[in-house]
Amino acid sequence: MTGAAGVLGRHVVRLATERGLSVRRLSRTPRPGSEWTVGDVATGEGLAAALVGVGAVIHCASNPRSHAETDVTGTANLMRAANGCHVVFPGIVGADVIPYGYYRSKTAAENALESSGAPHTIQRYTQFHALLWAMLGSLIRLPVVPVPNDTRFQVLDAAVAARHLVDAALAPAAGRLPDLGGPTVYDVKDLARSVVAAHGRKRKVFGVNVPGLVGAAFRAGGNLTPNRDESGMTWNEFVAARMS
C-alpha cells in the first residue's frame, strides 16, 4: 500500500494485519522490516518492483502541499506500474464540486483510474476527525477564533474509512462506490467551541464570510453526503480521547 504512515494508512495497516493479511508498505526511504519496500509514486521509481506479486493496492498516498506531483502524477505512475493489479483509492466527498486546488487533483486522480481500464475501486469520504482537530487547534492560538460562516462538516472516524478500504481490497473491483460520511453533521462553530473547551482556553468563536466559489460550495453542503456510517468514534469521543 501507499501512504502507510499517514492518518488513514496507519489504520489500514492495523486492520489488514489483524485480518491476517500481508501488507507491503511503500516508502521513499529505506525503513527497517521486511514489510517495507522502497519506491516513490511521484517519480515512479521502484513501483514496478514493489508491486510484484501484489493482488491489490490501497493507494492512500496524498499531499495537499504537493498534490499535483503526489496525487495526479503519482496516481498515473502507480497505474502504469500496476499491470492489472486492483487499485483501491480513497477520494474526498465533493471534490468534483468544490473548486479547491487539492480537491481538483484528487478528482484528476480518480479520472486517471477510471480512464485507465484497469481494475479499480474508488470511495470518497468526508473529513476525518484529525483534520478538523488540527485545523481548529491552530486557530485557537489566536486571540479570537475565526471560522467560516454557515459551513458544516460531517466528520468521519478514519478507522471506519480504513475498514471500508480493506473490505474493498478483498472484494472484486467495483469502480465508484457510494460516498461515505460520518454519522453527524456539525456546524464548524460548534466544532471550534468544543476544541476551545477541550484545551481549557477562553476564546470567542465567530463566523467570517469566505468569498469566492470555494466558500460558496462549502456553504451549499458540497462536502456532505446522505450516506452515513454510524460506527466508529463520534466527534465528542475523539476529542475526549485526545485530551485523556
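Colleague: Quick one on the helices: is the crossing of H1 and H6 left-handed or right-handed?

Modeller: Right-handed, going by this predicted model.

Colleague: And at what angle do H1 and H6 pack?

Modeller: About 55 degrees, and the axes of helix H1 (residues 7–18) and helix H6 (residues 158–170) are 8 Å apart. Angles from 65 to 115 degrees would count as roughly perpendicular and those under 35 as roughly parallel, so H1 and H6 are oblique to each other.

Colleague: Which residues make the contact?

Modeller: From H1 you've got Val-7, Leu-8, His-11, Val-12, Arg-14, Leu-15 and Ala-16. H6 brings Ala-158, Ala-159, Ala-161, Ala-162, Arg-163, Leu-165 and Val-166.

Colleague: How does the contact of H1 with H6 split by class?

Modeller: It has 11 nonpolar residues, one polar and two charged.

Colleague: Switching topic. In the largest nonpolar core, which residues touch the most other members?

Modeller: Leu-136 and Trp-235, out of 26 residues in that core. At least two core residues come from each of H4 (101–116), H5 (129–139), strand E6 (144–148), H7 (188–198), H8 (212–219) and H9 (235–243).

Colleague: Where does the largest share come from?

Modeller: H7, with five residues.

Colleague: Back to Leu-136, what is it in contact with, leaving aside neighbours within four places in sequence?

Modeller: Val-147, Val-188, Leu-191, Ala-192 and Val-195.

Colleague: What lies apart from that core?

Modeller: Another core, of 23 residues, including Val-12, Val-13, Leu-165 and Ala-168. Val-12 and Leu-165 also turn up in the contact between H1 and H6.

Terms used
Residues numbered from 1 in each chain as written. Predicted model: local features only at pLDDT ≥ 70, side-chain atom pairs only at ≥ 80, totals over all residues. Heavy atoms only, no water. Core = buried A, V, L, I, M, F, W, Y, C linked by side-chain atoms within 4.5 Å. Buried < 20%, exposed > 50% of the residue type's maximum accessible area, 1.4 Å probe, protein only. Helix = DSSP H or I, 4+ residues; strand = E, 2+ residues; numbered from the N terminus. Contact = heavy atoms within 4.5 Å. Axes fitted to C-alpha atoms, helices over the stretch in contact; angles between N-to-C directions. Parallel < 35°, antiparallel > 145°, perpendicular 65-115°, else oblique. Left-handed = near helix turned anticlockwise from the far one by under 90°. Nonpolar A, V, L, I, M, F, W, Y, C, P; charged D, E, K, R; others polar.
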